[in-house]
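Me: Could you take me through a close look at one part of this structure, starting with a single pair of residues? After that, please keep going and show me what else is worth tracing.

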Amino acid sequence: MAGAGFREIRLDDYRPPAFLVDDVALEFVLDPERTCVTSRLRVRRAAHTDPTAPLVLDGNTLELESIRVDGELLGNNQYTERPGKLEIVVPGAACEVEISTVIRPSANHSGEGMFVLNGQIATQCEAEGFRRLTYFPDRPDVLATYTVRLVADRARYPVLLSNGHLTASGSGEDGTHWAVWHDPHPKPSYIFAVMAGAWAKLEDTYVTGSGRRVALGIFADPPLIDQCQFAMGALKRALRWEEETFGLEYDLDCYHIVALSDYIGAMENKGLNLFDSQGIVADPQTTTDEDYLLIERILAHEVFHNWTGNRVTCRDWFQLSIKEGLTRFRDQLFAQDMGLPDYKRIDQVKALRRNQFPEDVGPAAHPVQPKAYLEIKNFYTATIYEKGAEVVRMLFHLLGRETFIRGVRHYLDTNDYQAVTKDAFLASMEATSGYDLGRFRTWYDQAGRPVVEASGRYDAAQSVYELTLTQRNGLADVQPSAGTVPYPIPVAFGLVGRSGRPVAAQLEGTQAHVLDFDGAQRVFRLENIDEPVVPSLFRGFSAPVTYQSGLAQADLAHLMVFDTDAFNRWDAAQQLGIAVIRALAADWRAGRPLELPEVYRRAYAAVLEDRNLDRAVLGEILRIPDEPALSDGLPQIDLDAHVAARRFVCQSLAAACRETLLAAYQNAVPQGPYVLDAHEIGRRRFRNSCLEMLVQLEQAEELELALRQVTSADNMTDCFEALAVLCQVACPQREAALRWFYERWRAYPRVIDKWFLVQALSRTADAVDRFEQLDAHPDMDPMNAPRAWAFYGSFFRQNRVAFHDPSGRGYDLLVKRLLFIDRYKPGASMRLMPQILQWRRYDPPRQALMKAALERVAAHEGISRGLYENVSRALGIATEVAPT
């Protein structure tokens with residue numbers, strides 16, 4: 001097949017670098033068509049290296065001009081060029097190597113190395129992009145200090161930026177100018193950066209706890225610079241939180257951020273972060289509440305990388321989660337500390353279950369620390385980030401906040417300016433806490449996810465509630481070779497009495513809030529229980545497990561109404577909704593009449609009228625469970641039955657609660673102009689959840705209500721939410737809303753991205769037809785990364801109904817898109833494939849169509865190693881192992 005011969009890289013084959021680089025001096029004469037790069041590397045042979053071994057450097061798409069060693073120009077017989085490598089004969093233990101190369105930024109569409117977007121020059125070096133700039137040992141365990149001289153046309157590129165501090169600048173006589181930047185902190189090559197453009201600058205100052213003044217600068221296109229104020233405030237909040245929470249003071253005298261239009265993503269380059277403009281630019285007219293919260297969290301994520309990732313980095317890419325999982329947890333903790341903690345925790349878990357849970361039980365399943373890969377880009381996954389964060393969160397709760405923070409400080413102090421493995425992180429946690437975390441390593445080393453089943457028995461005579469927990473690895477249900485070592489699981493819990501009040505529990509004579517569940521099965525004897533209780537387990541989602549409560553629908557309804565833990569009230573609503581929808585799906589499949597359980601209706605109505613619950617959390621509880629949560633833990637997905645049953649539940653609840661929903665919607669009308677605070681975010685979330693349920697009725701009055709909100713809202717949150725719910729109904733109001741939205745915002749590219757996104761998520765019968773029409777729309781540019789991701793990513797990754805249209809057209813469209821992306825950005829295809837990787841779980845007709853689509857991709861000549869890896873795993877094709 002196409003792609004055969006690609007070889008795996010394995011963790012077990014890691015070897016320390018043969019040569020170390022102490023200092024790097026770079027000069028870039030910048031030109032979009034032909035940039036000249038000169039690098040001077042001070043290298044030394046590692047003590048373990050054979051004294052006759054050549055220096056081997058990585059390179060990709062470089063045009064070699066010359067090589068000098070200690071000032072001497074090398075002849076052709078003194079070096080060897082081969083694909084991806086440059087071997088140089090070097091004398092002695094240390095030397096200076098000077099290499100001149102040419103790169104062509106405007107021809108580079110890979111997303112790595114140096115490229116041009118909207119006339120601006122930028123770089124992206126993680127994971128293996130630095131080798132597209134110059135020859136270098138491009139691996140994270142080679143740390144060096146960098147001095148960079150940039151030369152460019154002043155009129156075209158008035159702003160010249162790199163890492164560290166500006167030490168000198170000046171002008172040439174030929175219309176050029178130059179700038180020299182020096183970063184005194186040793187760093188891996190993947191966080192190196194160069195930016196050149198004609199940006200405007202928003203300036204501010206941050207004063208550290210020790211009194212140092214840090215110059216802050218955000219660079220963006222001139223029309224957007226006034227919309228960077230929120231990001232500047234978020235930057236200062238993140239820097240302050242880092243100091244106050246972890247005692248970590250920023251270590252440079254300047255902090256720069258570039259907001260690059262048409263880019264997608266965010267990158268923690270030392271002192272010079274790169275963001276897509278949508279991740280920085282914000283305004284209530286064009287930015288939703290969710291956008292604001294995401295900007296704040298992701299900006300904080302890159303700030304926190306300064307220590308967990310930059311100062312202490314990963315030894316190799318198999319350790320990726322010790323920078324990404326740890327930093328993701330820290331950005332989540334920051335976000336919760338900034339307000340709305342329960343709502344944000346719900347949002348975190350929704351994202352985990354939506355994006356990571358399916359990964360854990362499919363062909364792409366891998367441990368938090370992978371053991372092998374073909375293409376490292378394929379391992380920037382939800383398992384690394386989201387599950388990695390949950391693993392760190394378990395440590396946070398196990399050790400307690402104060403001890404955990406001491407452990408992080410110990411980790412950073414002990415390993416400063418080093419490239420380490422996960423074991424260094426866990427060793428610091430052990431050193432500061434006294435815990436033996438040997439068993440905890442299972443969370444890093446074993447693929448899959450625990451499925452925890454619970455059962456309970458109340459003994460009134462002895463005032464004892466006996467709770468039995470069992471666990472198994474859910475991956476073993478679909479992959480018999482999966483590991484079966486039990487996970488140590490912290491189970492945060494409470495008990496809710498039949499009276500609705502919380503009941504304290506004692507375990508072995510001590511009041512208990514967390515159960516230490518380690519083993520395949522364990523029985524917990526909870527004492528001094530004076531009434532029948534319903535267990536509330538995994539409060540705050542204390543562990544990333546699939547929890548099968550074994551509770552009756554009435555018990556879940558009881559938790560939904562009375563639990564004192566806000567997260568578990570939402571989760572009980574999810575579990576109850578899932579149980580009801582699955583049962584109704586079985587009835588629909590069998591041709592039986594559908595009837596909504598009264599216990600669900602009563603619980604939903606009671607929660608809707610709860611005046612004490614946080615509005616943002618209430619807005620989440622009102623939203624009915626959907627795929628993939630409906631299918632979590634099921635070996636086979638009956639998609640059509642789930643869709644029919646969910647639609648019935650939504651319409652039945654909306655009809656039963658219509659008057660209450662309508663009154664709640666009207667009573668939550670805004671009382672003034674848009675304000676971004678916890679109260680108003682919660683109010684908008686609750687009001688729009690009510691609107692979403694009302695629109696399920698598909699009646700003219702409710703549809704007109706949504707249309708009026710689209711056209712009259714004074715903020716993008718309310719406008720977009722109403723548009724989103726209308727797009728799920730084939731009706732004249734949908735067409736009117738889409739026309740109005742497009743005409744109102746057609747001059748604002750970031751908003752038109754949302755117009756494409758919301759239609760790509762439509763599940764109506766004509767969704768695939770509309771997708772194909774939009775694919776040919778004059779505003780649809782597949783080379784515009786933010787728009788392409790909004791459109792194609794939403795359909796192929798998130799639309800769990802239209803993508804699976806029984807005709808198979810969604811799969812055919814995916815094949816076309818995968819092969820297109822693979823031509824320009826090899827390795828970037830993984831983002832679009834999560835759904836099709838689950839092909840074995842669907843009904844036989846869809847299985848056959850998806851398998852055929854994957855086989856067409858696999859047979860295509862010239863596909864990249866990244867796409868080959870994804871397809872081969874899905875189809876069960878073995879890969880070769882790379883030689884050591």
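**Starting from one pair**

Reply: Leu 507 stands opposite Thr 510 in strand 30. Before we go on, keep in mind that this is a predicted model. The pair belongs to a link between strand 29 (residues 506-507) and strand 30, which pair in the antiparallel sense over two bridges.

Now step back to the sheet around that pair. Six strands make up an open sheet, and going across it you meet them in the order 30-29-32-26-25-34, with mixed pairing. Its edges are strand 30 (510-511) and strand 34 (546-548), each of which pairs on one side only. So where does our starting pair sit? Thr 510 is in strand 30, and strand 30 is one of the edge strands.

There's another open sheet to try this on. This one has eight strands in the order 6-5-9-3-2-12-15-14, and again the pairing is mixed. Strand 6 (72-73) and strand 14 (165-171) are the edge strands here, each with pairing on one side only.

Find strand 12 in that order, with strand 2 listed on one side and strand 15 on the other. On the strand 2 side, strand 2 (residues 19-29) and strand 12 pair in the parallel sense, with seven bridges between them. One spot to look at is Leu 26, whose bridge partner in strand 12 is Val 148. Over on the other side, strand 12 and strand 15 (residues 176-188) run antiparallel and are joined by ten bridges. You can spot Thr 147 with its bridge partner His 182 in strand 15, and Arg 149 with Val 180 as its partner there.

Is strand 12 mostly covered or mostly open? Strand 12 (residues 143-153) is mostly covered, with eight of its eleven residues buried. As a handy rule for looking at any strand, side chains in a regular one alternate between the two faces of the sheet.

Let's switch to a helix for contrast. Helix 18 (residues 732-745) has 14 residues, and at 1.5 Å a residue it should span 20 Å; its end C-alpha atoms are 20 Å apart, so the two agree. Its buried residues are Gln 733, Arg 734, Ala 737, Leu 738, Phe 741, Tyr 742 and Trp 745. Looking down the axis of helix 18, you'd see these buried residues fall within an arc of 160°, which means they line one face of the helix. Pro 732 and Arg 739 are exposed residues on the face turned away from that buried side. And what covers the buried residues of helix 18? The cover includes helix 16 (700-712), helix 17 (716-726), helix 19 (749-760) and helix 20 (767-775).

Last stop: an opening to explore. The second largest pocket has a volume of about 1800 Å³. Its lining takes in 47 residues, and those nearest its centre are Ile 9, Asp 58, Lys 85, Glu 128 and Arg 131. Strand 1 (7-10) and strand 4 (55-58) each supply at least two residues of that lining.

Note on methods: Residues numbered from 1 in each chain as written. Predicted model: local features only at pLDDT ≥ 70, side-chain atom pairs only at ≥ 80, totals over all residues. Heavy atoms only, no water. Helix = DSSP H or I, 4+ residues; strand = E, 2+ residues; numbered from the N terminus. Expected span 1.5 Å × (residues − 1). Buried < 20%, exposed > 50% of the residue type's maximum accessible area, 1.4 Å probe, protein only. Arc of directions from axis to C-beta. Contact = heavy atoms within 4.5 Å. Pairing = 2+ DSSP bridges. 1 Å grid on protein atoms, 1.4 Å probe; cavity = no way out; pocket = protein on both sides within 12 Å on 5 of 7 lines; lining within 4 Å. Points joined across faces, edges and corners; volume = space filled by probe spheres on them.
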